[in-house]
Amino acid sequence: MTDTAFDEQLNWVHSKLNNAPEHETYVNNILQWVHEEYPDLEPVIKWNQPMYLLNGTFIIGFSVASKHMSIAPEGEITDRFRQELEETGMEPTKKFCRFFYNKEPRLDILKLLIDTNIREKQNCTSFWRP
């Protein structure tokens, strides 16, 4: 993993949230946590959002809005953990769940989503889950 690619992610966050410094800090802290917790994941910007890949396959993606940060682990994973996501107030949709800026991020849930994708996609040769 290169620091340059990670810096590109932080620059992307700044370009989206430069008028909301507290939200920018919130998102940067989460990306920093992923960067440190999962050094084997490759940080990239694809489809205008920060993502993390493992051997070229998608593991997790993020996007930002005015009141929340969306986390995209792929729809199958969101569906599988829907109950846990609902219980933590992360409001899952078909493919995303949300971290609200006014709430402490649930890194334990983020870890569950990332670890599940890493485990299940170790031998995946495509970008998305087959």
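This text walks through the fold of the chain, then its largest pocket, then two residues of the pocket lining.

The model is predicted. Start with the secondary structure. The chain holds five helices and five strands. Followed along the sequence, these elements run α-α-β-β-β-β-α-α-β-α. The radius of gyration is 14 Å, close to the 14 Å that the globule rule gives for 130 residues, so the chain is as compact as a globular protein of that length. Along the principal axes, the C-alpha atoms occupy a box of roughly 40 × 35 × 25 Å.

Now consider burial and contacts. Of the 130 residues, 49% count as buried. The exposed surface of the chain comes to about 7,000 Å². Carbon and sulfur atoms supply 47% of that surface. Take the contacts between residues at least 6 apart in sequence: 57% of them join residues at least 24 apart.

Next comes the largest pocket. Its space amounts to about 220 Å³. Three elements each give two or more residues to its lining: strand E2 (49-54), strand E3 (57-64) and helix H3 (75-80). Trp47, Gln49, Met51, Phe58, Gly61 and Ala72 belong to the lining. So do Glu74, Gly75, Glu76, Lys95, Phe96 and Trp128. By residue class, the lining divides into six nonpolar, three polar and three charged.

Two of these lining residues, Gln49 and Gly61, deserve a closer look.

Take Gln49 first. Gln49 sits in strand E2. Is Gln49 buried or exposed? The relative accessible area of Gln49 is 16%. The cut-off for buried is under 20%, so Gln49 counts as buried. Setting aside neighbours within four places in sequence, Gln49 touches Trp12, Val44, Phe62 and Ser63.

Gly61 lies in strand E3. The relative accessible area of Gly61 is 0%, so this glycine is buried too. Which residues does Gly61 contact, leaving aside its neighbours within four places in sequence? They are Pro50, Met51, Ser70, Ile71 and Ala72. Among them, Met51 and Ala72 also belong to the pocket lining. Ile71 is 10 residues from Gly61 along the chain. The C-alpha atoms of Gly61 and Ile71 are separated by 5.9 Å.

Put the two together. Gln49 in strand E2 and Gly61 in strand E3 both line the largest pocket. Gln49 is buried at 16% relative accessible area, and Gly61 is buried at 0%.

Key: Residues are numbered from 1 along each chain as its sequence is written. This is a predicted model: local features need pLDDT of at least 70, side-chain atom pairs count only at pLDDT 80 or more; totals for chains, interfaces and linings use all residues. Side-chain values use heavy atoms; hydrogens and water are left out. On a 1 Å grid over the protein atoms alone, a cavity is a set of points where a 1.4 Å probe fits but cannot get out, and a pocket is an open set with protein on both sides within 12 Å along at least five of seven lines; lining residues have an atom within 4 Å of a point. Grid points are joined across faces, edges and corners, and a volume is the space filled by probe spheres set on the points. Helices (H or I, at least four residues) and strands (E, at least two) are DSSP runs, numbered from the N terminus. Ala, Val, Leu, Ile, Met, Phe, Trp, Tyr, Cys and Pro count as nonpolar, Asp, Glu, Lys and Arg as charged, and the others, Gly among them, as polar. The radius of gyration is taken over C-alpha atoms; the globule rule is 2.2 Å times the number of residues to the power 0.38. Buried means under 20% relative accessible area, exposed over 50%, partly exposed in between (1.4 Å probe, protein chains only). Contact means heavy atoms within 4.5 Å. Accessible areas come from the Shrake-Rupley method with a 1.4 Å probe; for residues, only the protein chains shown count as cover.
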